[in-house]
Amino acid sequence: MKVESASNQRKISITGVKKAEAAKRGTAYFLRRDWQLYLLLMLPLSFVLAFKYAPMTGLVLAFKDYKIARGFWGSDWVGFEVFQEIFARHDFIRAVRNTLLLNGLDLVFSFTMPIVVALLLNEIKSVKFKRANQTLLYLPHFLSWIIIGAIAYQLLSLGNGAVNNLIEMMGGNRVPFLQKDAHWLVSYLAIGVWQSMGWGTIIYLASISSINPELYEAAIVDGAGRWRKVWNVTLPSIRVTIVTLLIMNLGKIMEGSFERVFALQNKATTEYTTTIPVLVYRWGIESGNFSSATALGLFQAVIGLVLVIMADRIAKRLGEDGLI
Amino acid sequence: MKASTGNLAVRRRQRFDGWDVLIHLTVLVASLACLLPFIHVVSKSLSEDAYVIANKVFLWPVGFNLEAYHKILADDSILRSLYVSVIVTVLFTILGMVITICAAYPLSRKQLKGRTTLTIIFMFTMYFGGGIIPEYMLVNNLGLLDTIWSLILPSAFSAFNLLIMKTALSSSIPVSLEESARIDGAGHFRILWNIVIPLSKPIIATLSLFYAVGRWNTYQDALFYIKQQVDLRPLQLKLYYLVIQASESFQLEATQVQLSNPEVLKASCVVFATLPILCVYPFIQKYFVQGVMLGAVKE
């Protein structure tokens with residue numbers, strides 16, 4: 001007993017001494033001990049500082065009246081004037097509306113379609129048939145938006161698109177899929193669904209495959225048919241995944257896909273193709289109006305950040321892992 | 001195989017019913033929707049101009065000929081774009097992986113003082129950035145506009161890839177292995193080179209493919225940064241000007257007396273630009289699927 005307590009005391013004193021020593025050890029000690037690790041970090045750190053953080057200083061342009069002649073630092077501060085100016089512009093309102101509209105509709109269609117496809121794929125018993133279809137369904141995800149855009153024009157253009165040729169052969173009238181505003185919107189969404197319906201299934205299929213098979217057996221014993229099993233076992237089991245992905249996507253609703261819109265846009269359809277990043281490109285790089293374009297980009301980035309943080313909070317409150 | 005599925009079917013008391021037929025058909029239609037556009041474009045690219053103009057080509061070439069491909073292969077500017085794309089993709093992937101590994105290994109070591117702060121510095125860039133214009137001005141100020149480095153340096157660091165790599169390293173490399181290496185007198189460089197990298201080959205392959213395919217397909221930065229030096233346009237951007245904007249004519253076309261219908265040429269350009277991805281797709285698909293799963297698993 002005595003011996004034990006004595007040794008305990010010694011242990012405590014030793015750990016105490018160690019702790020005190022560690023506290024005394026300053027940065028120099030850790031730098032000396034792990035200098036190789038810090039040296040390794042130099043390369044990525046310099047890249048992040050140079051190419052990610054350095055541009056953030058450029059955001060001051062949003063609060064300046066940028067004149068190329070006077071330079072970056074020489075231009076006058078104007079406070080929030082640039083913002084007031086862009087908020088009043090018709091283009092701005094339309095870009096915000098379009099960004100929300102395109103992303104919102106994507107949430108309705110491109111987000112739900114992979115769930116449906118995953119449920120369908122899950123019903124297929126033949127491994128070979130399933131795998132062959134998955135390979136085809138994943139394919140569009142690997143193509144650039146330029147290639148998808150080019151294929152879209154080959155298929156959907158008014159004068160010689162294959163789909164229109166087919167419609168005409170069957171006695172219908174040619175449809176301006178990409179030439180009229182409302183048609184363009186539908187085509188844009190359909191192409192988005194086409195591109196993502198296969199790839200989006202991966203996460204759902206993985207979470208379906210981790211469902212305990214006993215649940216299905218129990219459902220069968222209770223006399224559940226095919227759809228009852230989907231409704232009462234599969235869907236509730238992947239609900240967590242669906243909700244997490246939904247919140248993540250809601251957090252991104254102000255982001256715009258520049259490449260997708262830009263590859264599919266044309267001069268005939270300007271109503272829905274002006275999204276925030278497209279407008280930033282037009283104002284800034286095409287017209288050289290750097291202050292307005294920077295302000296617009298900053299506006300989007302700040303709202304995007306707030307939305308992501310909110311999405312993370314909501315996910316955590318719902319008992320999910322959180323996104324950040 | 002057949003026997004086991006048969007058993008399963010009996011056990012589940014499910015016969016191949018009408019719903020099964022419908023489900024198989026639906027999935028098949030969806031897959032065909034992904035496949036047929038390519039077949040159409042390929043058929044068009046192999047057809048004779050006259051039939052394409054007459055809108056007679058659907059899923060099979062009519063008046064088979066390879067003329068359009070001869071033209072593409074004789075067109076220096078397209079081949080040069082392919083060359084630029086390959087160089088940029090290779091350099092970008094190597095640099096990106098070096099950066100990712102150099103960041104992921106130290107950040108996955110629990111003993112590293114200041115680990116949390118450093119991780120936040122790296123990860124913050126995933127949620128907030130300067131945006132298009134400040135990045136453009138930076139590239140401009142560094143004199144990188146109209147050089148291939150504008151397509152390599154600014155986007156070489158990817159917070160998302162770092163996150164995946166870091167997670168993989170902290171879970172796959174046992175601390176005991178590292179400790180025993182340290183006892184044997186190995187420094188961090190030795191441990192990284194001789195233990196960590198050989199053990200992480202699968203994740204390195206996956207992330208390299210993320211970098212490579214991402215770089216190959218992206219055209220946004222090329223559109224912004226490659227303006228005057230037409231020679232330096234990567235393939236995707238070249239395709240944009242040739243096919244979608246159709247503002248650029250084919251070099252050979254201008255010199256030839258007889259103008260051919262650009263539709264066939266456009267189609268063959270699309271095929272030409274798609275082929276590299278289609279060739280590697282069957283082999284890289286499974287790595288990408290694994291990568292998605294890694295990205296979904298949070299630390």
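**Figure 1. Chain B at a glance, in a predicted model.** Of the contacts in chain B that link residues at least 6 apart in sequence, 71% join residues at least 24 apart. Chain B has 16 helices and 0 strands, and buried residues account for 36% of its 299 residues.

**Figure 2. Where chain B meets chain A.** Here 74 residues of chain B are in contact with 70 residues of chain A. Which helix gives the most to the side of chain B that touches chain A? That's helix α2 (residues 18-45) of chain B, with 15 residues. Sorted by class, this side of chain B has 49 nonpolar, 18 polar and 7 charged residues.

**Figure 3. Helix α17 of chain A against helix α7 of chain B.** Zooming in on one helix pair across the two chains, we have α17(A), residues 290-317, and α7(B), residues 132-141. Their axes come within 7 Å and cross at roughly 130°. An angle like that is neither under 35 degrees nor over 145, and it's outside 65 to 115 too, so α17(A) and α7(B) count as oblique to each other. On the α17(A) side, look for F290(A), A293(A), T294(A) and G297(A); they meet I132(B), I133(B) and P134(B) in α7(B). This contact of α17(A) with α7(B) has 5 nonpolar, 2 polar and no charged residues.

**Figure 4. The kinked helix α3 of chain A.** Helix α3(A) covers residues 35-57 and has a kink of about 35° at M42(A). The proline P44(A) comes shortly after that kink. Which residues of α3(A) are buried? They are L37(A), L40(A), L41(A), P44(A), L45(A), V48(A), F51(A), K52(A) and P55(A). So the proline by the kink, P44(A), turns up on the buried list as well. The cover over the buried residues of α3(A) includes parts of chain B, namely α5 (76-107), α6 (115-123), α7 and α11 (188-199).

**Figure 5. The two domains of chain B and their contact.** The domain assignment gives chain B a domain 1 (2-65) and a domain 2 (69-296). How many residues does each domain put into the contact? Domain 1 of chain B supplies 8 residues and domain 2 of chain B supplies 8 residues. On the domain 1 side, the elements that give two or more residues are α2 and α3 (49-53) of chain B. The largest share of that side, 4 residues, comes from α2(B). Split by class, the domain 1 side has 4 nonpolar, 2 polar and 2 charged residues.

**Figure 6. The two domains of chain A.** Chain A is divided as well, into domain 1 (2-60) and domain 2 (82-317). The centres of these two domains of chain A, taken over C-alpha atoms, are separated by 44 Å.

**Figure 7. Helices α9 and α12 of chain B, packed side to side.** This pair is formed by α9(B), residues 159-172, and α12(B), residues 201-217. Their axes are 11 Å apart, with an angle of about 175° between them. That makes α9(B) roughly antiparallel to α12(B). From α9(B), the contact takes N161(B), I164(B), M165(B) and A168(B); from α12(B), it takes I203(B), L207(B), F210(B) and Y211(B). By class, that's 7 nonpolar, 1 polar and no charged residues.

**Figure 8. Two loop residues of chain B with positive phi, N55(B) and D146(B).** If you're scanning backbone torsions, N55(B) has a positive phi of about 55° although it isn't a glycine. N55(B) sits in the loop between α3 and α4 (67-74) of chain B. Is N55(B) buried or partly exposed? N55(B) is partly exposed, because it has 17 C-beta neighbours inside 10 Å. D146(B), also not a glycine, has a positive phi near 65°. You'll find D146(B) in the loop between α7 and α8 (149-152) of chain B. D146(B) has 17 C-beta neighbours inside 10 Å, so D146(B) counts as partly exposed.

**Figure 9. S180 of chain B, in helix α10.** S180(B) is part of helix α10 (residues 175-183) of chain B. With 12 other C-beta atoms within 10 Å, S180(B) is exposed. Where does S180(B) lie relative to H24(B)? The two are 156 residues apart in sequence and, C-alpha to C-alpha, 55 Å apart in space.

Key: Residues numbered from 1 in each chain as written. Chains lettered and ligands numbered in written order. Predicted model: local features only at pLDDT ≥ 70, side-chain atom pairs only at ≥ 80, totals over all residues. Axes fitted to C-alpha atoms, helices over the stretch in contact; angles between N-to-C directions. Contact = placed C-beta atoms within 7 Å. Nonpolar A, V, L, I, M, F, W, Y, C, P; charged D, E, K, R; others polar. Domains from an automatic or database assignment. Bend = angle between axes of the 7 residues up to and from the residue. Buried ≥ 20, exposed ≤ 12 C-beta atoms within 10 Å, placed from the backbone.
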